[in-house]
Amino acid sequence: MSVALGQELRFGWSCCSTNSFPMGNCNTQGKQTTRRSFLLIASSSSSSSSINGSSSRNSANNDNQKQTGASVVSGTTARGRRLLKIREEKRKREYDRLQNYPSWAKVLENACKHDDELRAVLGDSVGNPDLMRKRVEERVRTKGRNFSKSKTGSVLAFNVSFRDFNPVDSYIWFELFGSPTDRDVDLIGSTVQSWYVMGRLGAFNSSNLQLANQSMEYNPLYDVEKGSKAMPSSFHDISDVEFQDNWGRFWVDLGTSDFFAIDVLLNCLTVLSSEYLGIKQVVFGGRRLGDWEEGMTDPDDGYKYFKI
C-alpha cells in the first residue's frame with residue numbers, strides 16, 4: 001500500500017515539473033493531486049490502524065479463549081475430581097459385582113421373589129453372597145436335612161420296653177427315626193422339663209386323687225384339709241436331655257413320686273410323636289443302647305443337648 005502511494009505522489013510531482021502543461025494548470029492540478037494523495041495516505045493509515053487494532057483484539061480474544069479452554073480442561077476443582085473418582089470407583093464395583101457374582105446367588109435371588117419362606121430366610125442379605133450363604137446354612141442346620149418339607153409326626157405308635165428300670169437311678173431312652181433338628185431337641189427337652197417341674201411340685205401323688213373316681217355332673221366336693229395332710233411326693237433329680245445322632249436319653253430320680261408319673265410322660269410322648277417329630281421306641285432302664293458312646297460330647301460328632 002505504501003509503495004503504491006509513493007508512486008502516485010511521485011507521479012503527481014512529476015506532472016508539476018513537465019513543460020507540456022501551462023504553469024497555472026500545473027499549479028492547480030498539482031495542488032489537487034497533492035491533496036488527493038494526502039487524503040489517500042490518511043485514509044490508508046486509519047484503515048491500517050483499524051485493521052491492526054482489530055487484529056490485536058482478535059489475537060487477544062484468541063489468547064483469552066485458549067487460556068479459558070486450558071482452564072476448563074486442566075483446571076477442574078478438587079470437588080469435581082473427587083466426584084469423578086467416586087463415580088469411577090462405583091462403576092468399577094458394579095462391573096466387578098456383575099462379572100464375579102456367583103450364579104447360585106443369582107438363583108437364590110430369583111427364587112426368593114416367589115418364595116416367602118426363602119425371602120424371610122435371606123432377609124437383608126440379598127446382594128451379599130457371603131451373608132446369603134451363611135443365612136441358608138444356618139437355616140438348613142436349624143431345620144434339618146430336609147429343607148423343602150416341614151417335619152411331621154409318625155403314624156406308627158412307638159414301642160415301650162423296660163430293662164431293669166430303677167425309679168430312683170435309671171436312664172430313660174428314646175429312639176427317633178432320624179437325627180433330631182434343633183427344633184426336635186427343643187420339643188423333647190421342653191416336654192421332659194415340664195414333666196419334671198410337675199413332679200418336683202408333687203403333681204404325681206396317688207395318695208391324694210380325690211376327683212379321679214368322682215362324677216363331675218353333681219358338683220363334686222374337694223377336701224382341702226385331706227389334700228394338705230397327704231404325704232408329699234416329688235421328684236428328686238433329673239439330668240439334661242442328651243442326643244447322639246438318632247438316640248436320646250436323660251437320667252431321673254423319681255424320688256417319692258408314684259409310678260403313674262410314667263403314664264403321664266408316655267401320654268405326652270405319644271402326642272409328641274404323632275403330631276411333631278416321630279419316635280420309634282422308648283426304653284426305661286439300661287446303661288447303653290444303640291451305638292451310644294460315653295464321653296462323646298462334640299457337636300461335630302452329632303451330639304446335642306437340652307439344658308434342664
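## A buried phenylalanine and its surroundings

Phe-250 counts as buried, since its relative accessibility is 2% and the cut-off for that class is under 20%. The model in which this residue is described is a predicted one, and the account below moves from the ring of Phe-250 to the strands, charges and loop described for the same chain.

**Aromatic rings**

The structure holds 15 aromatic pairs. In one of them the ring centres of Phe-174 and Phe-250 lie 6.4 Å apart, and because their planes meet at 45 degrees the pair is classed as tilted. This pair links distant parts of the chain, for Phe-174 belongs to strand 2 and Phe-250 to strand 5, with their positions 76 residues apart in the numbering. Phe-174 is buried as well, with a relative accessible area of 3%. Both residues also take part in a cluster that ring pairs build from Phe-174, Trp-195, Tyr-196, Phe-204, Phe-235, Phe-243, Phe-250 and Phe-260.

**Strands**

Strand 6, which covers residues 279-285, has 5 of its 7 residues buried, and it is therefore largely enclosed by the rest of the structure. Strand 1 is joined to strand 6 by 5 bridges, and these two strands run parallel; within strand 6, Val-282 is the residue that stands opposite Val-160. Strand 2 is likewise joined to strand 6 by 5 bridges, but here the two strands run antiparallel, and Ile-172 has Phe-284 of strand 6 as its bridge partner. As a general point, side chains in a regular strand alternate between the two faces of the sheet.

**Charged side chains**

Side chains of opposite charge can pair when their charged atoms come close. In this structure the count of salt bridges comes to 9, and the table sets out three of them with the separation of their N and O atoms.

| Acidic residue | Basic residue | N to O separation |
|---|---|---|
| Glu-88 | Arg-91 | 2.3 Å |
| Asp-184 | Arg-183 | 3.7 Å |
| Glu-294 | Arg-249 | 2.9 Å |

The salt bridge between Glu-294 and Arg-249 links distant parts of the chain, with Glu-294 in the loop between strand 6 and strand 7 (303-306) and Arg-249 in strand 5 (residues 247-253), 45 residues apart. The partners also fall into opposite classes, for Glu-294 is exposed, with a relative accessible area of 52%, whereas Arg-249 counts as buried at 3% relative accessibility. Salt bridges that share partners join Glu-242, Arg-249 and Glu-294 into one network. Arg-249 has a further arrangement with an aromatic residue, its charged end sitting over the ring of Tyr-171 at 4.2 Å from the ring centre.

Glu-88 and Arg-91 both lie in helix 3 (residues 78-100), and because they are 3 residues apart there, about one helical turn separates them. Glu-88 is partly exposed, with a relative accessible area of 41%, and Arg-91 counts as partly exposed too, at 49% relative accessibility.

In the salt bridge between Asp-184 and Arg-183, Asp-184 is buried, with a relative accessible area of 2%, while Arg-183 counts as partly exposed at 35% relative accessibility.

**A proline in a loop**

Pro-167 is found in the loop that lies between strand 1 (159-163) and strand 2 (170-176). Although this residue belongs to a loop, Pro-167 is buried, with a relative accessible area of 18%, a value that falls in the buried class because the limit is under 20%. When its neighbours within four places in sequence are left aside, Pro-167 is in contact with Val-252, Asp-253, Leu-254 and Phe-259. Of these contact partners, Asp-253 is 86 residues from Pro-167 along the chain, and yet the C-alpha atoms of Pro-167 and Asp-253 are separated by 6.0 Å.

**The chain as a whole**

The protein chain contains 9 helices and 7 strands, and 27% of its 308 residues count as buried. Among the contacts in the chain with a separation of 6 or more, 72% are accounted for by residues 24 or more positions apart. The chain exposes about 20,900 Å², of which carbon and sulfur atoms supply 54%.

Methods. Residues numbered from 1 in each chain as written. Predicted model: local features only at pLDDT ≥ 70, side-chain atom pairs only at ≥ 80, totals over all residues. Heavy atoms only, no water. Helix = DSSP H or I, 4+ residues; strand = E, 2+ residues; numbered from the N terminus. Buried < 20%, exposed > 50% of the residue type's maximum accessible area, 1.4 Å probe, protein only. Contact = heavy atoms within 4.5 Å. Pairing = 2+ DSSP bridges. Salt bridge = Lys/Arg side-chain N within 4 Å of Asp/Glu carboxyl O. Phe/Tyr/Trp six-rings, centres within 6.5 Å; stacked < 30°, edge-to-face > 60°. Lys NZ or Arg CZ within 6 Å of the ring centre and 35° of its normal. Areas by Shrake-Rupley, 256 points an atom, 1.4 Å probe, with all protein chains shown as cover.
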